[in-house]
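Me: I am new to this structure. Please show me how to read it, one feature at a time.

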Amino acid sequence: MKYPKHATPNASQASHQRDDAYPNSPAPVTAAGVWADDATVASQATNLAKLPALFISHGAPTLAIEQSATTSALARIGQNLPVPRAIIIMSAHWQSAKLEVSSNPQPKTWHDFSGFSPELYELQYPATGHPALAETIAQQLTARGITCSVNPMRASDHGVWAPLRHLYPQADVPIVQISLPQHYDSVACYQLGAQLTRLREEQILIIGSGNITHNLQALRWQADSIDQTAKDFKLWLLQQLKTDIPTALDWQQYPDYKDIHPSDEHLLPLFFALGAGQRVSVVHQSMAHHSLGMDIYRFD
């Protein structure tokens, strides 16, 4: 399956079926070979439930040091889910010319922001990478005709480490970051997530990290008020995720959507997670800084 190089004008008319819906679809992307020689891991995997996919609104970089309803929700997820073998995460902050998968064995903590408290720049999240898993995924996607390569130098941006610092504070779960190609739209991200859905059965946690609403021009840092325009949009989109996936994929039909997402990179990781899971449930809903939606969704 090849992906569109440009945004689909009407995603509701595009096919939104996952590869596993077709009897003659290619073999699913799997990581089984990565742990094939580890009998203990293989044995444990058969006794554990399939992991969900998650969409996390990561907010401002200050999420990393906040204690809030959002960070409490992240902590609960980490405590309640079986510990993953690895995490595959798409962050809004890694846009690329083509699809890349990070194979860096020791990704640095990248403080990819400016103007915040010095405390933020001292934080480290020393989770390891998983080069073998990254290589396996890239090879299988390439075999399916998807242009893909590994990147051995990629650092972890704050869309990765800020939420994971609350989800897995010990930084003891290996991370494989996957890029957001600049030419991908909602359908392409959905299809990519669908390619990786089998990994959930192998105790790999799939995460899209972005924001359900993201208009930085509308932020009011110290305000307790709520931007009703942003709130209305996220409630509308959640309803479509529950009842009408084609309409959700065609989210740019929403009136004045550019008032909520002037650019699309923070919403697209949602569709990556949706493709990997489809059935949505709400883990957390809130607003921050007036206009920033901080919702967390689970996809099973």
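**Burial, cores and salt bridges**

Reply: Start with valine 29, which lies in the segment before helix 1 (39–45). Helices (H or I, at least four residues) and strands (E, at least two) are DSSP runs, numbered from the N terminus. This is a predicted model: local features need pLDDT of at least 70, side-chain atom pairs count only at pLDDT 80 or more, and totals for chains, interfaces and linings use all residues. Residues are numbered from 1 along each chain as its sequence is written, and side-chain values use heavy atoms, leaving out hydrogens and water.

Me: Is valine 29 buried or exposed?

Reply: Buried means under 20% relative accessible area, exposed over 50%, and partly exposed in between (1.4 Å probe, protein chains only). Valine 29 has 0% relative accessibility, so it counts as buried.

Me: Which residues is valine 29 in contact with?

Reply: Contact means heavy atoms within 4.5 Å. Leave aside neighbours within four places in sequence. Valine 29 is then in contact with Gln140, Leu141, Arg144, Gln195, Leu196, Arg198 and Leu199. Sequence distance can mislead here: valine 29 and isoleucine 137 are 108 residues apart in sequence, yet 6.9 Å apart in space, C-alpha to C-alpha.

Me: What is in the largest nonpolar core?

Reply: A nonpolar core is a set of buried Ala, Val, Leu, Ile, Met, Phe, Trp, Tyr and Cys residues joined through side-chain atoms within 4.5 Å. The largest one here has 53 residues, and Leu196, Leu270 and Phe271 touch the most other members. Helix 9 (residues 268–277) gives the most to this core, with seven residues. A second, separate core has 30 residues, among them Ala162 and Met294.

Me: How many salt bridges does the structure hold?

Reply: Side chains of opposite charge can pair when their charged atoms come close. A salt bridge is a side-chain nitrogen of Lys or Arg within 4 Å of a carboxyl oxygen of Asp or Glu. The structure holds five. One joins glutamate 201 and lysine 50 (3.9 Å, N to O). That pair links distant parts of the chain, 151 residues apart. Glutamate 201 also meets arginine 198 (3.2 Å, N to O). Lys50, Arg198 and Glu201 are thus linked in a network of salt bridges.

Me: Which salt bridge does arginine 154 make, and is arginine 154 buried or exposed?

Reply: Arginine 154 meets aspartate 157 (2.8 Å, N to O). Arginine 154 is buried, with a relative accessible area of 12%. Aspartate 157, at 0%, is buried too. In the network, glutamate 201 is partly exposed at 40%, and lysine 50 is partly exposed at 42%.
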